[in-house]
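Biologist: I have the model open beside me and would like to go through it with you. Could we begin with the ligand and then turn to the helices and the backbone?

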Amino acid sequence: MKLAMLGGPRTVPAPDARTAWPVVTDADRDAILRVLASEKFTSNCMGEGEVGGLEHEWARHVGVRNCAAVSNGTAALSLSLAALRIPAGSEVVVPALSFIATALAVVRQLAVPVFVDVDPVTFNLDPDAVAAAITPRTSAIIAVHLHGLPAEMHELRELADRHGSHLVEDAAQAQGASYRGRKTGALGTIAGFSLNVTKNLPTCGEGGLVTTDDGELHERVLKLRQFGEVIKGDEERTYISHLLGSNEKINAIQAAFARTQLARFDEYCAAREQNVRRLLDRLAELPGVVVPTCPTDRTHAWHILRFRFSPEAMGHEGVPAGALRKILHRALRAEGVPVSQYQLVPLPGQETFRTREGVASGYPWKLPMARDLSYRVEDYPVALDVIEDSLTLQKRHLNPQSGAILDDYANGFEKVWENIDFLAGLARTLPYDPPWAKTLAAASA
Ligand SMILES: *Cc1c(COP(=O)(O)O)cnc(C)c1O
């Protein structure tokens, strides 16, 4: 069949309500109306119950003693590092492939991010590379469970313990996933989650959660989100600030919406597991498509599905992987398969880190006790390869009703693969710049 890109029929019908995210039901609407009727809108409002309810329910879901709800996932990470009292000028290991927020939280704490390359199959921190990057200055390792797959927590825990550093989880993309029988959020010293509307456990906007078994850390997070104050639900506010907090509260509407989403969360995860597995099984049959996998000792939250493409395995050795990815992007989108790129540059290539403007013009890097690190993307060959040769599916597969549409997506892939020799030929001749070219040009301009 003629490719849609060349004027043939499109495989996937127009966007469909069964791929909408988040799913909003009457239960969510009622929850918001309940808050409006209560007139208690913030977590420091006397008698407010939604925020505490969410914290209690999420702690139970994860299997930890404490949970604090905060304004967003970035704040969850920042407050986690602040609660740990990560020293200024110390070093924090961060994966080179992640969302920018992971590394911003480190700089906000005036610590130096040390980027480490990822594993080409799991896309998570490579423990050997972490071992090589640890120095006497390392105060913490942030394990990002990228795309929903828990990181190599056993190896990372050993490294962290051996060097006396903290192990922090960035679980923003991995709600509900587990590792050796324990949920994400219960695998490190402290963990940050995001409730952003795009994540697997969404609120109707912005929110975040911090989980920890450590009662003292939890108390510090509660103060940090509330100007350093202690708020007791049934007592008058004292306005005494005990430590350098800021205002990182979640509001009651966001909390109430997240709670009704949480009530349906396990059911959605189970449907997603089935829908996604069926899609991956079909795509794995196509030559040169490397589908995401999940080691047998963990479960995957399938937040983002990342597909790598190998010209060699397609029988097209010598075709540049990036050019092939670019032409596949066009061909698949024309068929109605909404693939996209996620991250166009490893984090150390972001202008933020290349210029090292940082906090107050040049900190933490200017601190006398800090190592004067500079960042080059060439030092992260695996992250570069992954960005170069892969495309992702985001959000559409999160809806539990998306199964039939994912079948259509698989049909779209199969049709494109019937024409793969033609497309590989095009890729050979196409003018091509790597995805990070623009970012790096902006930084040196
Ligand atoms: C989304 C995300 C964050 C930040 O969460 P926000 O709620 O958007 O601030 C942090 N880390 C990772 C890996 C994320 O995907």
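Modeller: Certainly; a residue is counted as near the ligand if one of its heavy atoms lies within 4 Å of it. Please keep in mind that this is a predicted model.

Biologist: How many residues surround the ligand, and which are the closest?

Modeller: The ligand is surrounded by 15 residues. Gly73, Thr74, Asp170, Ser194 and Lys199 are the closest.

Biologist: What is the make-up of that shell by class?

Modeller: Nine of the shell residues are polar, four are nonpolar and two are charged.

Biologist: Which atom of the ligand does the side chain of Asp170 approach?

Modeller: A nitrogen atom of the ligand lies 2.8 Å from an N or O atom in the side chain of Asp170.

Biologist: And what about Lys199 and Gln173?

Modeller: For Lys199, an N or O atom of the side chain is 2.7 Å from an oxygen atom of the ligand. Gln173 places a polar side-chain atom 2.8 Å from an oxygen atom of the ligand.

Biologist: How much of the ligand's accessible area does the protein cover?

Modeller: On its own the ligand has 380 Å² of accessible area, and the protein covers 93% of this.

Biologist: Which elements give two or more residues to the shell?

Modeller: Those are α3, residues 73-83, and α4, residues 100-108.

Biologist: Let us stay with α3. How is α3 placed against α7?

Modeller: The axes of α3 and α7, the latter spanning residues 215-224, come within 9 Å and cross at roughly 125 degrees. The two helices are therefore oblique to each other. The crossing of α3 past α7 is right-handed.

Biologist: At what angle do α1 and α8 cross?

Modeller: The axes of α1 and α8 (residues 252-283) cross at roughly 150 degrees and come within 9 Å. Because angles over 145 degrees count as roughly antiparallel, α1 is roughly antiparallel to α8. Their crossing is right-handed.

Biologist: Now the backbone. Which peptide bond is cis in the segment before α1?

Modeller: Trp21 and Pro22 are joined by a cis peptide bond, with omega at about 0 degrees. Pro22 is in the segment before α1, a helix of residues 26-38.

Biologist: What about the bond from Tyr363 to Pro364?

Modeller: That peptide bond is cis as well, and its omega is near 15 degrees. Pro364 is located in the loop between α10 (351-355) and α11 (381-389).

Biologist: Why do you point these bonds out?

Modeller: Because most peptide bonds are trans. Most residues other than glycine also have a negative phi.

Biologist: Where does Arg180 lie, and what is the sign of its phi?

Modeller: Arg180 is in the loop between β6 (178-179) and β7 (182-183). Although Arg180 is not a glycine, its phi is positive, at about 45 degrees.

Key:
Residues are numbered from 1 along each chain as its sequence is written. This is a predicted model: local features need pLDDT of at least 70, side-chain atom pairs count only at pLDDT 80 or more; totals for chains, interfaces and linings use all residues. Side-chain values use heavy atoms; hydrogens and water are left out. A polar contact is a pair of N or O atoms within 3.5 Å; within protein, one must be able to donate a hydrogen and the other to accept it, and residues adjacent in sequence count only if both atoms are side-chain atoms. Accessible areas come from the Shrake-Rupley method with a 1.4 Å probe; for residues, only the protein chains shown count as cover. Helices (H or I, at least four residues) and strands (E, at least two) are DSSP runs, numbered from the N terminus. Ala, Val, Leu, Ile, Met, Phe, Trp, Tyr, Cys and Pro count as nonpolar, Asp, Glu, Lys and Arg as charged, and the others, Gly among them, as polar. Axes are lines fitted to C-alpha atoms, for helices over the stretch in contact, and angles run from 0 to 180 degrees between N-to-C directions. Angles under 35 degrees count as roughly parallel, over 145 as roughly antiparallel, 65 to 115 as roughly perpendicular and the rest as oblique. A crossing is left-handed if the near helix is turned anticlockwise from the far one by less than a right angle, and right-handed if clockwise.
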